[in-house]
Every structure is written in C-alpha cells, then in structure tokens.
Amino acid sequence: MDTVIEMRGITKAFPGILANDNITLDLRRGEIHALLGENGAGKSTLMSILFGLYQPDKGEIYKNGELVRIQGPNDATRLGIGMVHQHFKLVHNFTVLENIVLGVESTRNGFLKMDDARTRVVNLSEQYGLSINPDALISDITVGMQQRVEILKMLYRDNEILIFDEPTAVLTPQEIDELMNIMKGLVAEGKSILFITHKLAEIKRSADRCTVLRKGRYIGTVEVADTEVEELSEMMVGRKVNLKVEKPFVELGKVVLDVKGLTVASKTGGKPMVNNVSFQVRAGEILCIAGIDGNGQSELVYALTGIGACDEGIIVLDGTDISHYSIRRRSNEGMAHIPEDRHRHGLVLDYNLAYNLVLQSYHTSRFQNHGFLRFNEIYNYADDLIERFDIRSGQGNRTQTRSMSGGNQQKAIVAREIDRNPKLLVAVQPTRGLDVGAIEYIHKQLVKEREVGAAVLLVSLELDEVMNVSDRIIVIYEGEIVADVKPDEVSLQELGLYMSGSKRSVQVASEGEEVEVS
Amino acid sequence: MKIKRILSSSGGMNALSSLFAIILGLLAGFIILLVSNPSQAVAGFVTILTGGFSDMFNIGQVLYYSMPIIMTGLSVGFAGKTGLFNIGASGQFTFGMYAAVLAAVKCSFLPNPLRCAAAIIAGMLAGAIWGLIPGMLKALRNVHEVIACIMMNYIGMYLVNHLIRVTGIFDQLRNTTVRVPSGANMPSLGLNNFFSTKTAQGSIRPSSLGSGILIAIAACILLYIVLEKTKLGYELKSCGFNREAARYAGINENRGIMLSMAIAGGLSGLGGALVVLAGAGRGISVVDVLAGEGFQGIPVALLGLYNPIGILFSGILIAHLTQGGFLLQRLAFAPEIIDIIVAVIIYFSALALLFKNILSYIFRDKNESPQIEDDDEELEDDEASEADETNSLGSVEKEGELVLVESSLSENKTKDNNNETGGEPGDS
C-alpha cells in the first residue's frame, strides 16, 4: 500500500508547552488510521497542522512523496484534505444541499447553478451509501444526518484524505454502527481516513492501524488487529488503567430524593422541556439519567437544584419539600451539585483555588466571622482538600483557577461538593472532556459517596459511563422518562433504542405513577 | 531576575500598565503643546508635570480637586468590581450635592457638627437612591444599567435644577444654590492653612483643602477592606467575575446588583456632599450641563484598575494634571488646549487595560501559559475540543514544573502582597 500523507518530525510549541514533539505519522491509501491519546496528548494540534490551521515549528509534510506546505484550510482543500470537526460547521437554516455547496458554489453570470450541484450530491450520496434528503433544513435533521452532510461536504470537494475529529462523541450506538459502515465504505472506494478518538472500542472495531500520542510525544504505531485493548490503553495513559469501576455491594437506604410530576415549560412554547417526570433516588444508589444531549436533562437538573424554574411538580429531599426553596437553602438541606459546565457554573475562574473551594461554604461561621472572611481557615481548609483530593496546581491554594487544567478544575469542584457530606449529589457529566486517569478518579469518588450512604444522581451522555457506574438507569427522551432499567439487564443497543425514542418501557400515567407496559 | 518576577506578577503588571498609559498620554500631550505653541512647549510641559506640587498651596489644591473624582472613581470602580458599569455617577453626584445643600440649609435646628453630619448623610442617601433605581431596574426588570444610568443622569440634572428653585435655595444673582451656612461646613482642621502659600504682599493664601480629603481616603481604605476582606466583597466580586457561578453558589445576585449600585451611588453622592460642604464656596450652578466629576470618575477608576487604593492615587494624579493645566494659563496657552491635553491623558489612561494585556504578553512566564492559550481559543473558538486539549496540555507541562514552582513559593507570597496593594499607578 502506498503512503498518501507522511508527517515527519512535527514539532509545535505553544508558549510554555510542547504540544507536539517530533511526531511522525504516515497514512496509507485506503486505510482507517486511528489517532489515539488522552486529552492534551496533542492529537488535535497535529490534525490542525495537517489541516493548515497551525504552522509547525519544525517538521515536514509530504503528500504522495512530495513536500507540501499547508498554510491554511484552503491549501488543505486543494490537496484533497478534508476535516469533520467535532462540532459540525453547518448553517442551521440552510438546506442540506446549500450547506454542501457552501463556499464552492458553481455559478453562471452570478446566479447559482444548483441543479448541477444537486445531481452531483445525489450521485455522491448513492455512490457512498449516504442517504440524505438534499432539501431538508439542517435544523430539522438528526445529529447523525448532520454528520453525513459533513462527510458529503468533503466528498463534494473531492477530498481523499478525510480527518474525523472524535466523530462518535455525539452519536447513539446505532448511529455509531452506521458511521463505522460508512467509514469502511469510504476506504473501500480509495479514500484514506484519519480518525481522532480516545475510545478504544471504536478503534478495535474500525481502524486498521493506530498511532498513539502521549503528552505531545509519539509513542508508537501499531496494527490494531494484533493489539489488545489493554495494551492500547497502557500506551495511551502510560500506566495500567482499571477500565472497570469497582463497586462493592451497598444496601439501599431510605428514599433521599423523590421527584413527582416535575414539569418545566418550554421557553419558546410548545412541548414542555421536562414533561411530568417522576423518579426516586435512594441512599446508597447511583441513579443515572441517560439520554442524548438536549432531551431535557439540563432543565431537569436546573429545576432540581433551583437554578432554573420548576413549573409543576414536587421535589422532596429527605422528607422536606424543597420545590420552592432558594438555591442556598437547597444546598443547606444537603444537596450538592457538580454542574455540567464547570466554567460557566462551577467555578469563578478569576478567583484563586482556595476561594473556589469555599464557594458553597464561605458563608458558614467556619469561614466568616461577622462578615469578615477568615483567611487562615479558608487557606488551611483549601490545603487540606488539595492534599486529600490530589488537586494539582502551580501555586497551591493561591493558584488562579483559570490557569489550572480541566481535570484539576473538575477535581476541585468534586472535592468541594463531596466534602460537604451531601445527602444527595447531583453530578452532571462529571467526566466530560477529561482524560482516562481523571475519569477513573472521579468515578471512584462517586462510588465512594454511594458507599457512605449518599444518593447520587448522575446525568451522563457517555454510555460507557452509564453502564459502568450506575446502579439503575432511567432514560430521558424529549423530556419524558422512557425507560427505567438495571445496567446488567440491558444491552448498549437496547439503551440506544430508548435514547433515540424508538422504544419505551415506561409510560407516564395521568397521576404521575409509573406503570410498566412491556 | 527578582525585578522581572515582581513585574510579571499581576500587581506589578497592573501598576506598570497604568504607568505606561500615563507616559504615553503625557507624550501625546506634549505633541499638542508643540503644535499649538512651539516656543513655550517645553516650559508648558514642565508646568503640567511639576505645577501641581510646585508649592504647598498647589499641593493643597491638587488634593482638593482630587476629592470628588476619587469618590466618583470609587463609585465606578466598586460597581465595576461587581460587573456593573455605573455611568450614572454624574447624576448621583449632582443629587448628592443637592441633598447636602438642602440639608445644610434647612436643618438649622441642629447644632453645627450634627448639621454637617446630617448634610453628609443626606448627600450619601440621595446618591444611593439615585444608584439604586437603575440597580433595581437591572435586577428586577433586566434593563441594562448603562441605559438606565444615562437616563438617571439627565433626570437628576434637570430635577435638581428645578428643585433648587422650588425648595428656596436658589441664589438668583450668582445663578447657583445659596451658600451653605459656614457652620454647616466640614471643619478644615487647619489643612487649608497648612497647605498654603505666602503672597508677595506677605499675607497667607490658604488652599481650599479641608477634612473632606480625609473622608475620601477613609472611603478608599474602607472599600478596600470590604472588597478584599469581607463576605460581602466575596459575594459581590463573584457576581462580577461570573454571575452564573455566583447564582450556582446560592448568592442572590439580584440583591447583589441592587446593593452594589446603591453603594456606588452613595459614594458618588458622598463625593457631591464633600464638594458643597468643603467651605470653598462652591454651589450647584443651575445650568443644563451634566456634572463632569461623574464622568471623570470613569478614567480614574480605569486608571486605578478598579482597585480602591489604585483609585486613590489615580484620582490624585488626574487632579495633579488638572492643576498643572490650570497653571498653564500663565504661559499664554488657550484654556481649551489645557482641556485637550488633560483629556488626551485621560483618554490614554483608559487604555491602561490594553497595556496590561500587552505587558502580560511581554513578561509572560512559562507557567503562565494558559493565558496565552486563551488567545488560541479565540482563534479556534469553534473547536472546543482543541482548545480543551491545548489547555490541559498546559497542565501537563506545569506538573513537570511543580517542584520548581513550589520552591519559589516564598517569593510568590511577596508577589501576592504586591498583588493586594497592586494597581497603584505610580503616584508621580
């Protein structure tokens, strides 16, 4: 097999960090080549260099054996390199067809020649088995369809080297299967694919070879068929990782959180964002709310924690009706919240670490005296948390939180929330954007909370996390609970069907009582 | 090496950026002097720089002029720390002046010291009310505070002009308010005679300085303590830095907004009261012009980088330039030129924040890299994953340097001290 792209000795430094250190990568024609690494390993930087978004400090790129300089995405397109970004770059109120031709429209006398474009798009979609409706609006089609549009965009531009940046992050299991098939079809037609990921199972399923990066360094390239998943993860992390979460048996306690008929109206009118949702979480239980992003999880959590409105229904925390309590009172009643967006809600990035660690408790008499902050207490407490939760930062308790890494910021939030000994811990995507080591750590902390008898409500989009960590799973679809299952009684595929709304096992009766029907 | 470390600390950087802004502003002022009157330019420039402290009288005048703009600067700066732009200092200042004069004139039943105190409190309250209204509109009705504040400026000015006539404190001859009875004025504590100069005839020419400046300084220190040492300051600052996070932490941000605006208004109002009670014979001119002190508070606050102690010094600096400009008249410069120069310097001072960013780029330390990464994020903001990736890369490197950083922790402490008193823009 001949090599289409060769990147030799790529070095790229950002001020203070070496993002890529002498990295070598070769991509053969007709292969799926996975690029594996933790967050911060330098995968995206390397691909951005290939796509022309960054210029390397050192190193060369060869296309079909010829040295090329890629100064920008336009150069990349000319060389036949295309990229599907993790967050799609589509115009939502344009049709599929308009999005595909956007930027390369063919015109006659200044008028668009959409008919030619349509023929080509339809032909391409048939050739590669990417069925789409060219006249549908992007805002009306599913995420999986949107991804197809992105792929068609690359094909329409005659790209032969296709870069996928974490393409499965937003997909359901069924859509992932389809994507894998599409990718195999593409390489069968002679395209070459570079595929950024940190999910080992996907590599095992689809890729031919895999290049591993760690902390900006090149670790090695392996034939996927000859390599075990454990080996890959060790290459990626640099140590043995326990991929399975250890969960000792815990006797379920009393009901800590009892939600009855919770409804959150839509701001724009129409179907409520959260529609008559009822569930219970017991002490010693991790209940996971699974679902595709945007199905009402955020609104549900906002209503529970008091950040957002709760239009109907009752929220009972440990026997107290807290439906109308303020955020502060809910927190005092024993509710802790690891928020979805740690920068928006979880931290005051311009405060130092110690200030952030007391963000929920600065008002207690421990940390203030007649309105004056007790700095000794605050900084000693911060040191204590930093040591116990292994929060790493440049300047200890006085580090500007903004300068800390995402993983350590998240550890700080977890430390702060857990150390308040909550009755209920609401954790929303607590491992989003974190690397394997940090994920392992945070999962352990959640399990520990369950052991000390707290109730944990985990909202997650990651199916692996859902299956591994939870004791019970409820699936939310368009604001309604469509399934209430145990992780060992359900398959990933089944869960995917619930999440996409094509199956439901729970119907909400008029009184808000749950009734099993299947 | 040590100097560089201090400079690259955030406090040092703040002071340095303000200093840069001032120097550039002065250079621009010099060019204007050159253009308008080349032969006198150097002498004029020296006058601007040194006139303010050429003798005790001038120092006294500088401090006197600094008093109101320190107060409005504090007002703008305090609101700024809470994430609000109080452009309504002018209206609050005017209302404070009015209420102080009214109370001083009408409360004749009180003994003198109490009368003065009543006037000061009246000024503060009036300003606080004038600040609270936009605060309430913002908190309860989500009206942008800038719009509301601008409207309140005009309402305040016209209303005060009207009220002066209605409440019978109008001096028709001078077209201002009547003089505050001397007993109701604040005591000068001998400051006017200490900061004075002997005229050619041998008589003493006292400056206008009184005890008001002490109140202004006390206000700076008090606000510093409130912002840095108290629970209230912690809450207000978190509202300012990240309103969503403050809400998440159970802080009542609406209460914070109203309180912050009321305090900011009270500070401006107090500034107004200090001016009319200074005993320098100043009243409220009944003209359709917004009080300039309110707007001068904005550059004062910016130049002081919103730090109360910084604002104290930047207020004195701007007053110093104003006094220098006043003395410039002796050198046959048109008074407008003086205004332009002062305005140019103020204009450049507003760029202090820009210089801060440039400086932090120049003096960036390896372990301060994430700041630079944010720039990357802007370039590539649509690629969250990428930015995330580079961000955590920063940490990887940092962990390597952890030991190194910790060993210099003791120096970091001095850095932090510097940080706390930071933002002092070179007190000339």
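These legends describe close-up views of a predicted model.

**View 1. Domain 1 and domain 2 of chain A meet through a set of residue contacts.**
The domain assignment splits chain A into domain 1 (3–237), domain 2 (242–334 + 422–518) and domain 3 (345–421). Domain 2 is thus listed in two segments, 242–334 and 422–518. Taken over C-alpha atoms, the centres of domains 1 and 2 of chain A are 34 Å apart. Nine residues of domain 1 of chain A contact 13 residues of domain 2 of chain A. On the domain 1 side, α6 (173–188) and α8 (229–237) of chain A are the elements that give two or more residues. The largest share of that side, three residues, belongs to α8(A). By class, the domain 1 side holds three nonpolar, five polar and one charged residues.

**View 2. Helices α4 and α5 of chain A cross at roughly 110°.**
Helix α4 covers residues 114–127 of chain A, and helix α5 covers residues 143–156 of chain A. Their axes come within 10 Å. Angles of 65 to 115 degrees count as roughly perpendicular, and α4(A) and α5(A) are therefore roughly perpendicular to each other. The crossing of α4(A) past α5(A) is right-handed. From α4(A), the contact takes in Arg120(A), Val121(A), Leu124(A) and Ser125(A). Facing them from α5(A) are Leu152(A), Leu155(A) and Tyr156(A). The contact counts five nonpolar residues, one polar and one charged.

**View 3. Four strands of chain A make an open antiparallel sheet.**
The strand order is β14-β13-β16-β17 (chain A). At the edges stand β14 (274–282) and β17 (320–321) of chain A, each paired on one side only. Strand β16 (residues 312–317) of chain A joins β17(A) through two bridges, in the antiparallel sense. Opposite Val316(A) stands Asp321(A) in β17(A).

**View 4. Six strands of chain A make an open sheet with mixed pairing.**
Here the order is β18-β21-β22-β15-β23-β24 (chain A). The edge strands β18 (335–338) and β24 (480–485) of chain A each have a single partner strand, so one side of each has no neighbour in the sheet. From one strand to the next, the twist averages 20°. Within the sheet, β21 (residues 424–428) and β22 (residues 455–460) of chain A run parallel and are joined by five bridges. Leu424(A) has Ala455(A) in β22(A) as its bridge partner.

**View 5. Helices α14 and α15 of chain A are placed against strands of this chain.**
Helix α14 (residues 406–418) of chain A lies across β18 and β21 of chain A. Its direction is at about 175° to β18(A). Helix α15 (residues 436–451) of chain A packs on the sheet and touches β15 (286–290), β21 and β22 of chain A. The direction of α15(A) makes about 150° with that of β22(A).

**View 6. Helices α13 and α14 of chain B pack at an angle of about 125°.**
Helix α13 spans residues 292–303 of chain B, and helix α14 spans residues 308–327 of chain B. The axes are 8 Å apart. α13(B) and α14(B) are therefore oblique to each other. Their crossing is right-handed. In α13(B), the contact residues are Gln296(B), Pro299(B), Val300(B), Ala301(B) and Leu303(B). They meet Ile311(B), Ser314(B), Gly315(B) and Ile318(B) in α14(B). This contact has six nonpolar, three polar and no charged residues.

Definitions and conventions: Residues numbered from 1 in each chain as written. Chains lettered and ligands numbered in written order. Predicted model: local features only at pLDDT ≥ 70, side-chain atom pairs only at ≥ 80, totals over all residues. Domains from an automatic or database assignment. Contact = placed C-beta atoms within 7 Å. Nonpolar A, V, L, I, M, F, W, Y, C, P; charged D, E, K, R; others polar. Axes fitted to C-alpha atoms, helices over the stretch in contact; angles between N-to-C directions. Parallel < 35°, antiparallel > 145°, perpendicular 65-115°, else oblique. Left-handed = near helix turned anticlockwise from the far one by under 90°. Pairing = 2+ DSSP bridges.
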